[in-house]
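Open the model in your viewer and keep the selection tool at hand. The tour makes three stops.

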Amino acid sequence: MSVYHQQCHKHNNDENIIVLYKRKNNLLCNKLVLPPLSVFTASVFAITSRSATLLWDAYPGATSYLITVSLEGSQDIVAFIQFGENTVMGTVNSLSPNNLYVFTVQPLDINHNPLDILTVQSFTAPRLMDPIQNIKPKDSQTLIFEFNLVTGATHYIVRIQNSDGFYREDTVYSSPAEITSLTPYTEYTLRIMAANSGGHNQPSPSVIGKTVLPPLQLYTSSPGNDSIVISWYPIDGAVQYTVAMYDVFSNATMKQNTTSTNLTLSGLEAGSLFMVMGYGWDAEGRKGEGSLYINQTTRPPIPASVEVSVVMIVDQAVLSVSWELNQEVYGNVEYYVMSDQNLTCNTTSSPCNLSPVGCGESHTIQVISSNEAGPGYPSIPVEFITFPCPPSSLALVESMKGNCTLSWDMEPYADNYRAYVKKGDGGEVTCNTTGNNCTYHCQCGYMFHMYVFAYNYAGSSPPGPELNYTTLPCCPEGVSVSLVSTETLEITWTASRGADLYETRAADISEVILCNDTARVCALSDLSCDSAYSVIVTPCNDMSGCNRACKAHTKDTAPCMPMYIKLDPKNSSCVSVSWTANNRAANYSVNAVGEDGTHTCTSLGSSCDITDLPCGSIYDVTVIAISAAGQSLTSYSETLETEPCCPASPTVHQVNQAMTNVSWSHAKGAYTFLTSLTSPRGHASCHTEDFHCLMGCITCGTNYTVTMKAFSHSGRSVNCTYQGFSSSACCPSGVRMYKMAGNALRLQWRTTGSSHRYIAEIMGSNNNYNCTTSAGENSCDIANVQCGDIYHVMVAPLTPDGSNVSFCAQRVYLVSCTGGDVGTVMYRGKRSVDQ
């Protein structure tokens with residue numbers, strides 16, 4: 001509480017008494033009536049060196065607002081002002097620069113009693129500054145200036161404007177200061193204000209500053225190895241440009257002024273480094289901002305002393321190109337070597353290899369050096385011809401006996417040729433010529449290996465095609481021709497020099513037969529029979545072919561084989577054999593070969609008879625022709641079969657009521673059998689290759705006649721008759737089993753005749769029972785049968801010898817127990833005895 005507040009409190013004994021104001025030591029006190037829970041705020045909105053603008057909240061019930069001002073630490077009110085009830089912002093004037101003031105804001109009611117009170121503090125701004133001094137451009141976007149410092153200022157605000165509407169305020173702290181990020185070659189109005197925590201003062205009087213021209217945007221290139229072209233975009237306001245260039249190698253600097261936007265500097269050193277910069281001048285004679293130095297080299301000099309040679313690298317021919325540079329150059333230089341045959345190579349040093357290159361090529365070669373400025377001028381073209389291609393199309397002609405001529409195609413760029421001829425026995429002949437052929441002495445039966453090289457000043461051609469040639473082989477000596485089979489001639493001879501294989505030729509008036517082989521023996525087969533052949537042995541080799549001048553030898557073949565053999569049986573033991581004969585002169589022998597030996601006959605004609613042949617035999621009949629030259633091939637055989645023999649009496653076994661199995665022994669010459677059983681009540685037969693036959697459709701209790709017909713392989717047959725056969729009695733039908741007294745069972749059936757006896761069999765899992773009837777009976781009783789079992793029951797007739805028939809069907813019954821006796825007899829079905 002201030003001293004005045006304490007004085008008001010003493011006089012009025014009230015805590016809410018406040019000081020309204022004090023004027024000439026008269027203290028005006030008043031009571032502050034505060035409404036409950038009121039909120040009131042105020043702040044300094046703006047301040048200058050001589051005024052302050054305050055902002056406060058509207059207070060409920062306030063009819064006016066009173067603002068009083070005093071210096072910090074002083075109780076004296078230096079200024080006050082009152083505002084109406086609708087005002088929330090007001091300005092207090094008549095303040096002093098750079099002072100800390102206390103501002104008291106009080107809302108008043110209608111009786112001018114304070115409703116609340118609030119104080120805020122703020123410095124007034126420093127005093128008005130002097131105008132800015134010594135403005136000058138630092139570069140095209142920066143101005144440097146000076147100003148007088150002001151007491152109490154913590155910083156300074158520079159206001160920058162231009163005629164295009166640009167406006168900006170920068171903060172600086174000391175003098176001199178810089179203003180950056182300005183537009184080049186532009187006039188600006190500058191004012192400065194001192195500022196502290198309270199605000200800033202009014203702007204100083206304006207001054208004018210102007211930036212200089214911007215730096216040039218230089219673009220450089222080197223169109224040749226002695227010049228540099230410099231260009232730039234025009235700068236607004238520039239009336240002239242200056243370009244400066246520094247030669248790094250010579251330490252020389254050159255300058256040149258121009259009003260154009262490009263400049264060409266010539267007469268420079270090739271491959272040198274230059275540093276280039278530039279600036280513009282305005283109409284006022286002010287120098288613009290200088291550009292940065294940029295580096296530019298001239299293109300490298302022309303390669304000199306270009307030389308070309310052929311070298312081999314890993315069995316591949318390449319052109320090695322070398323050159324020289326007669327002066328020092330700056331930086332990295334790359335060399336580009338090119339041929340008009342689309343071969344190129346790049347390198348950073350000499351030499352450079354062009355590959356691949358072949359024979360017989362003409363190349364025009366140039367070398368271009370290149371650096372970061374670009375490629376220089378190409379070197380003087382150098383013509384170079386590679387080594388010639390190897391001669392092609394080698395050919396050899398035996399011009400006359402003992403002489404051979406080797407020829408080849410002429411090759412471009414070849415000056416001379418050298419031919420090499422190597423003989424199979426190790427000798428060698430060489431021939432040098434500028435032409436395209438060489439003649440040398442050659443003999444029959446030798447192989448020659450030949451090749452040719454072409455030459456020029458670049459060297460020898462690569463190896464070319466090679467020619468292997470074998471002269472015609474010599475005719476063989478000691479030729480011998482012999483007949484080794486009916487239609488085969490065997491020829492032998494001694495070896496002939498130079499022969500890789502021999503062609504043996506046998507010719508008659510109608511055909512030619514050839515035999516090619518490397519052996520000194522040949523069998524010519526499949527010749528025409530009964531013919532005279534001229535035989536020639538011709539030696540051959542792969543390269544030169546065959547010697548067709550060798551002499552011939554004559555030899556006859558054997559007679560032809562008899563054809564179309566026909567057999568005509570005259571009776572069971574005699575056959576007539578005939579054939580077709582087409583030989584010039586021959587005797588014929590007929591052979592019939594069988595198990596009992598060979599039967600023969602001979603003839604000078606085309607037929608003869610073979611007699612005394614046994615039955616059931618098979619013979620292979622052949623005919624052979626015989627002449628002075630030899631014996632023919634045996635004719636194709638014809639098979640002769642005599643009538644087969646009858647088998648021994650067959651055995652007939654009845655399988656069931658309707659089938660019998662008939663079997664018999666082997667019969668010589670018989671291949672198939674037709675067996676028949678015949679009776680007035682039916683007929684059964686079968687045709688088989690086996691020695692047994694199963695026949696159906698047999699009637700029980702019937703007598704049959706047994707006959708058989710045996711057939712040979714050729715279809716010849718014989719009829720056989722045997723003793724008759726009687727089928728067994730028929731199986732009974734309607735078999736039934738009944739329970740009798742105690743443990744007895746009765747079997748009853750129907751019969752087909754009264755003269756047959758029957759046997760009844762009952763077969764269980766533990767016990768079997770049977771009984772036999774007298775002739776004509778159809779029932780049978782069995783006592784003491786075990787009950788509680790399943791029984792298989794069969795009733796069959798007895799044969800005359802007393803054996804029973806086993807093929808009658810069985811019936812199945814279940815015999816149950818009642819107490820210890822037979823109970824119910826239940827029929828379970830029927831089954832065949834074969835199951």
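Start with strand 56, which gives the largest pocket five residues of its lining, the largest share. Keep in mind that this is a predicted model.

**Stop one: the pocket**

Select residues 651-656 to show strand 56. Then add 725-726, which is strand 63. Each of these two strands supplies at least two residues of the lining.

Now find the middle of the pocket. Select Ser726, Ser727, Ser728, Thr799 and Pro800: of the 29 lining residues, these lie nearest the centre. The volume here is about 600 Å³.

Colour the lining by class. What does it hold? There are 16 polar residues, 11 nonpolar and two charged.

**Stop two: Asp568**

Move to residues 563-571. This is strand 49, and Asp568 is found in it. Is Asp568 buried, exposed or partly exposed? Its relative accessible area is 48%, so it counts as partly exposed, since that class runs from 20% to 50%.

Add Ile610 to the selection. In sequence, Asp568 and Ile610 are 42 residues apart. In space, their C-alpha atoms are 10 Å apart.

**Stop three: a nonpolar patch**

Select Phe45, Leu55, Val88 and Met89, and turn on the surface. Together they make a nonpolar surface patch of about 320 Å².

Zoom in on Met89. It is found in strand 7, residues 89-92. Its relative accessibility is 36%, so Met89 counts as partly exposed. A patch residue needs over 30% relative accessible area, and Met89, at 36%, is above that cut-off.

Technical notes:
Residues numbered from 1 in each chain as written. Predicted model: local features only at pLDDT ≥ 70, side-chain atom pairs only at ≥ 80, totals over all residues. Heavy atoms only, no water. Patch = residues over 30% accessible without salt bridge, like charges linked within 9 Å, V, L, I, M, F, W, Y side chains within 5 Å. Areas by Shrake-Rupley, 256 points an atom, 1.4 Å probe, with all protein chains shown as cover. Salt bridge = Lys/Arg side-chain N within 4 Å of Asp/Glu carboxyl O. Helix = DSSP H or I, 4+ residues; strand = E, 2+ residues; numbered from the N terminus. Buried < 20%, exposed > 50% of the residue type's maximum accessible area, 1.4 Å probe, protein only. 1 Å grid on protein atoms, 1.4 Å probe; cavity = no way out; pocket = protein on both sides within 12 Å on 5 of 7 lines; lining within 4 Å. Points joined across faces, edges and corners; volume = space filled by probe spheres on them. Nonpolar A, V, L, I, M, F, W, Y, C, P; charged D, E, K, R; others polar.
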